[in-house]
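Dear colleague,

Please find below the structure that I am handing over to you. My findings follow directly after it, and I would be grateful if you could read them with the coordinates open.

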Amino acid sequence: MNIDIVSKDKRYEYLNGLLCQNGFKSRICRCNEVNNPNVLILSVRNELTDRELIEVFKKVSPQAIVFSGSGHRIKEYFKGKIIDYSKNEDFLEKNAYLTAEAMVSIWHSELLESPKEKMILISGYGRIGKHLAHIFSSLGAKIYVFARRNEVKEEILKDGYIPVSLDFSSEVDAIFNTVPATIFSKEQIEKIPQEVSLFDLASICGFEDKARVKFALGLPGKILPNGAGQVVYETILAFLLRERTI
């Protein structure tokens, strides 16, 4: 089985090493170096341009299996079997945990202090929001969570955190947005003291005014590339074993 990997993301260097160590014929290559692989692995992130995707799929057979984090986009260029990371629950859960863990490293490097006894507001209580709450709470931070739905507020209380409105954002030391939508308007941001740190982990900025925002996107690949590569490896291997292609 020949595997071509096209990505500049550091996690794929580790992934390639794991594949080679476990008997696969794998390599990292450029777009124009792809050569009729049995499996093509693209990034979790949407990092290739349209021109690069056209170049890649010139030399990919319809019988190949393609792994990508942007399956909806790849369909325009490839009509064969596409496995989308973003649809895999196990991958998403593990990646969310690594994202939250990497955020602790960002906290330390940006703020140069411990989160112990800090008041942290998390916008959104999905996978990443839950892991952020758990990890920072374990480090001694006081966790407040903004969510709109009543059933989510009940879950927040059950997990030991405090559901709050956005008006509470002026009372905390840091705000993490995990919702891929504009949550904080310019007017709301103006009410937040300058010393409050604003972090955005979502694909679409949750802050209408981005001037003060510290963006924390693609953290697993940037901060924990080996761990993130392991997660990609486990996802790919599980699929190949399930489909009995190896």
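Strand β6 (residues 119–123) and strand β7 (residues 142–146) run parallel and are joined by 5 bridges. Within this pairing, Ser123 has Phe146 of β7 as its bridge partner. To pass from β6 to β7, the chain goes through helix α5 (residues 127–138), and the resulting β-α-β crossover is right-handed. Please bear in mind throughout that this is a predicted model.

Strand β6 also pairs with strand β9 (residues 174–177), again in the parallel sense, over 4 bridges. Here Leu121 stands opposite Ile175 of β9. As for its surroundings, β6 is mostly covered, with 4 of its 5 residues buried.

Helix α5, the helix of the crossover, contains Leu132. Is Leu132 buried or exposed? Its relative accessibility is 0%, and buried means under 20%, so Leu132 counts as buried. Beyond its neighbours within four places in sequence, Leu132 is in contact with Ala100, Met103, Ile122, Ser137, Phe176, Thr178 and Leu201. Of these contacts, Ile122 falls within the residue range of β6, and Phe176 within that of β9. Ala100 and Met103, also in contact with Leu132, fall within the residue range of helix α4 (residues 89–111). For Leu132 and Ile162, the separation is 30 residues in sequence and 14 Å in space, C-alpha to C-alpha.

Helix α4 additionally packs with helix α9 (residues 225–242), at an angle of about 175° and with the two axes 10 Å apart. Angles over 145 degrees count as roughly antiparallel, and α4 and α9 are therefore roughly antiparallel to each other. On the α4 side, the contact involves Phe91, Lys94 and Leu98. On the α9 side, these residues meet Gly227, Ala228, Val231, Val232, Glu234 and Thr235. Sorted by class, this contact of α4 with α9 has 5 nonpolar, 2 polar and 2 charged residues.

Finally, some values for the protein as a whole. The protein has 9 helices and 11 strands. Its C-alpha atoms fill a box of roughly 55 × 35 × 35 Å along the principal axes. Of its 246 residues, 49% count as buried. Among contacts between residues at least 6 apart in sequence, 56% join residues at least 24 apart.

With kind regards

Definitions and conventions:
Residues numbered from 1 in each chain as written. Predicted model: local features only at pLDDT ≥ 70, side-chain atom pairs only at ≥ 80, totals over all residues. Heavy atoms only, no water. Axes fitted to C-alpha atoms, helices over the stretch in contact; angles between N-to-C directions. Helix = DSSP H or I, 4+ residues; strand = E, 2+ residues; numbered from the N terminus. Parallel < 35°, antiparallel > 145°, perpendicular 65-115°, else oblique. Contact = heavy atoms within 4.5 Å. Nonpolar A, V, L, I, M, F, W, Y, C, P; charged D, E, K, R; others polar. Buried < 20%, exposed > 50% of the residue type's maximum accessible area, 1.4 Å probe, protein only. Pairing = 2+ DSSP bridges. Right-handed = clockwise from strand over helix to strand, strands pointing away.
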